[in-house]
Amino acid sequence: MAAPLLHTRLPGDASAPASAVKSLGASGTGISDMLALENDFFNSPPRKTVRFGGTVTEVLLKYKKGETSDFELLKNQLSDPDIKRLPWLNRSKTVVEEYLAFLGNLVSAQTVFLRPCLSMIASHFVPPRVIIKEGDVDVSDSDDEDENLPANFDTCHRALQIIARYVPSTPWFLMPILVEKFPFVRKSERTLECYVHNLLRISVYFPTLRHEILELIIEKLLKLDVNASRQDIEDAEETAAQTCVGTDSTEGLFNMDEDEETERETVAGPERPDQMVHPVAERLDILLSLLLSYIKDVCYVDGKIDNNKTKDLYRDLINIFDKLLLPTHASCHVQFFMFYLCSFKLGFAEAFLEHLWKKLQDPNNPAIIRQAAGNYIGSFLARAKFIPLITVKSCLDLLVNWLHMYLNNQDSGTKAFCDVALHGPFYAACQAVFYTFVFRHKQLLSGNLKEGLRYLQGLNFERIVMSQLNPLKICLPSVVNFFAAITNKYQLVFCYTIIERNNRQMLPVIRNTAGGDSVQTCTNPLDTFFPFDPCVLKRSKKFIDPVYQIWEDMSAEELQEFKKPIKKETVEDEDDDFLKGEVAQNDTVIGITPSSFDTHFQSPSSSVGSPPVLYMPDQSL
């Protein structure tokens, strides 16, 4: 076993002046001064020894005579990680202050020690682990709920700032260490929360690191997000609710195990109503709510928004959005940080829309990025309660005019036919228009109905719908059906003839699986998702709900207005309905078999937010 590194008793426990350590690292300067401190420091009990034998005094005497080998060994010994593993955080104030001074003097004298010191400090950004062993087996491994944890974090941040005062390049060396030390996303919620909280604190006093820190956090959030779909989260919550009800019904019959009772209370959540049942969703919710709180704290000063700070933060976040969020398909919740930031002031919402619009119309961007921009535009216009009607109209004008220009260019070309691979951005823009219209049609027609109808007629939906590119065939059936019903009611465009023709032309996809052949109809060829569908994370939705437009289910009277008696086709073979993906529900409404993405539009009792999947054909067919 190696000898002790430095048999040191820290000040407050009879330790050394920090200036002595600083002089020690200097390459020859201050050696005589250190020797003069012999009676005060080096000879104080216990004597300072080095791993290879002798005392520090003897090493310095040899160094003064020109023998440098032992001195070099001593310097290398100081770089040993053990010296930075001293239990200094939970010591007396005198010990802590002297240790902080020691760190500052150490890195200023020898910057080679900078990285190990920064790594040591970063390792204290998570709660210590408490491991209980029986023999060689770990029987318990959990976070230490230390009451002094917040104070310890404060001390660690002080240490970073002290080191940065001596070494101005500290932030440049710190960032790779923070990336390396980031806990695995499957670690406990408490560990992740503490680390992210401390990263956000660092971004305040090291503003040059803010962009990189936010990018690191959002990247980790995204990894959690793609592993917790909205449907999985809702299913877990529903299952837990049913289990809780079932348990309550038998309460008193088998209530003999206190542990089971405690577990039931945890799942039911009377004490923690904000807790998510899905474990990944719980981590995601905690971290996302932390990020949203940080955004608000940065942007608001004394209850008022600070435009300059908000602009700076917006620039950082929009760059991260372009790099991480826009290319990621079907993320459910992380993108709400942009939604929340844009709700602070209309100018930021308009800047976000303009940014997306440039992405959509730029032919130099990959088609997948342009389609994603279209998805974001439609979802943002539909769901953002803080966007006024005049902005919605301006965006509709831009989108519709671009669609007409696109059709002008295609009419005389050889590619004027329905093809997602060729015209993906066009279909994404069409769906953004249809989706926005479905959500905003009441506002567009409120007040002066005649003026609202004149505006909508000026958009010339008919030309878009009747074009050879046939957007009704590509867009999601749920969106198409509501768009058709509403435009039919106000006689803006008649879509049902085209919808029926598309349904007859829809070819099934036959897949051979272990369970036998299965027949599926592709109802989402555009591979669409709506990024601002309802947030189901309990903590985070408290930030979002006040500025979020939920889907208002139609009343019975409104549905009756849309329903038309239909002339259903005579079906000779029962398999025909299955091949077309249609299931007859009643005489007036036919349901369309939803794809995995269509479920986002269903409006079950467990989810508020999206129109149900309805197919309401025209009476005239």
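Trainee: In which loop is Asn-460 found?
Mentor: This is a predicted model. Two helices flank the residue, H21 (449-458) and H22 (461-466). Asn-460 is found in the loop between helix H21 and helix H22.

Trainee: Is Asn-460 buried, partly exposed or exposed?
Mentor: Its relative accessibility is 33%. Buried needs under 20%, and exposed needs over 50%. Asn-460 therefore counts as partly exposed.

Trainee: What is the phi of Asn-460?
Mentor: Asn-460 is not a glycine. Its phi is positive all the same. The value is about 55 degrees.

Trainee: Where does Asn-470 lie, and what is its phi?
Mentor: Asn-470 lies in the loop between H22 and helix H23 (471-474). Asn-470 is a residue other than glycine, yet its phi is positive. That phi is near 50 degrees.

Trainee: Is Asn-470 buried or exposed?
Mentor: The relative accessible area of Asn-470 is 7%. The cut-off for buried is under 20%. So Asn-470 is buried.

Trainee: What pLDDT does the protein average?
Mentor: Of the residues, 66% score at least 70. Over residues 34-52 the pLDDT is below 50, and this stretch has 54 contacts beyond near neighbours in sequence. Residues 249-270 also stay under 50. The average for the protein is 76.

Trainee: How many contacts beyond four places in sequence does the model have for residues 249-270?
Mentor: The pLDDT stays under 50 over this stretch. Contacts beyond four places in sequence are the ones asked about. The model has nine.

Trainee: How many helices and strands does the protein have, and what share of its residues is buried?
Mentor: The secondary structure comes to 28 helices and eight strands. The protein has 621 residues. The buried share is 48%.

Trainee: What share of contacts with a separation of 6 or more comes from residues 24 or more positions apart?
Mentor: The base is the set of contacts with a separation of 6 or more. Residues 24 or more positions apart account for part of that set. Their share is 74%.

Trainee: Which residues does Thr-391 touch, not counting residues up to four places away in sequence?
Mentor: Thr-391 lies in helix H19 (residues 389-411). It counts as buried, at 7% relative accessibility. The residues it touches are Leu-346, Glu-350 and Leu-353.

Trainee: How many residues apart are Glu-215 and Lys-323?
Mentor: Their side chains meet in a salt bridge, 2.5 Å from N to O. Glu-215 is in helix H11 (residues 210-225) and Lys-323 in helix H15 (residues 307-325), so the pair links distant parts of the chain. The two are 108 residues apart.

Trainee: Which residue of that pair is buried, and which is exposed?
Mentor: Glu-215 has 16% relative accessibility, so it falls under the 20% cut-off. Lys-323 has a relative accessible area of 52%, which is over 50%. The buried residue is Glu-215, and the exposed one is Lys-323.

Trainee: How far apart in space are Leu-324 and Leu-222, C-alpha to C-alpha?
Mentor: Leu-324 has its place in helix H15 and is buried at 14%. It touches Glu-215, Ile-218, Glu-219 and Leu-222. Leu-324 and Leu-222 are 102 residues apart in sequence. In space the distance is 8.2 Å.

Trainee: How many residues apart in sequence are the parts that Asp-533 and Arg-383 tie together?
Mentor: The two form a salt bridge, with the closest N and O atoms 3.6 Å apart. Asp-533 lies in the loop between strand E6 (516-521) and helix H26 (541-544), and Arg-383 in helix H18 (residues 367-383), so the pair ties these parts together. Asp-533 and Arg-383 are both buried. The separation is 150 residues.

Trainee: How far apart are the closest N and O atoms of Asp-545 and Lys-541?
Mentor: Asp-545 counts as partly exposed at 36% relative accessibility. Lys-541 is partly exposed too, at 26%. They form a salt bridge, and the closest N and O atoms are apart by 2.8 Å.

Trainee: How many salt bridges does a search of the whole structure find?
Mentor: Some residues are linked in a network of salt bridges: Glu-282, Asp-285 and Arg-539. The search covers the whole structure. It finds 14.

Technical notes:
Residues numbered from 1 in each chain as written. Predicted model: local features only at pLDDT ≥ 70, side-chain atom pairs only at ≥ 80, totals over all residues. Heavy atoms only, no water. Helix = DSSP H or I, 4+ residues; strand = E, 2+ residues; numbered from the N terminus. Buried < 20%, exposed > 50% of the residue type's maximum accessible area, 1.4 Å probe, protein only. pLDDT = per-residue confidence, 0-100. Contact = heavy atoms within 4.5 Å. Salt bridge = Lys/Arg side-chain N within 4 Å of Asp/Glu carboxyl O.
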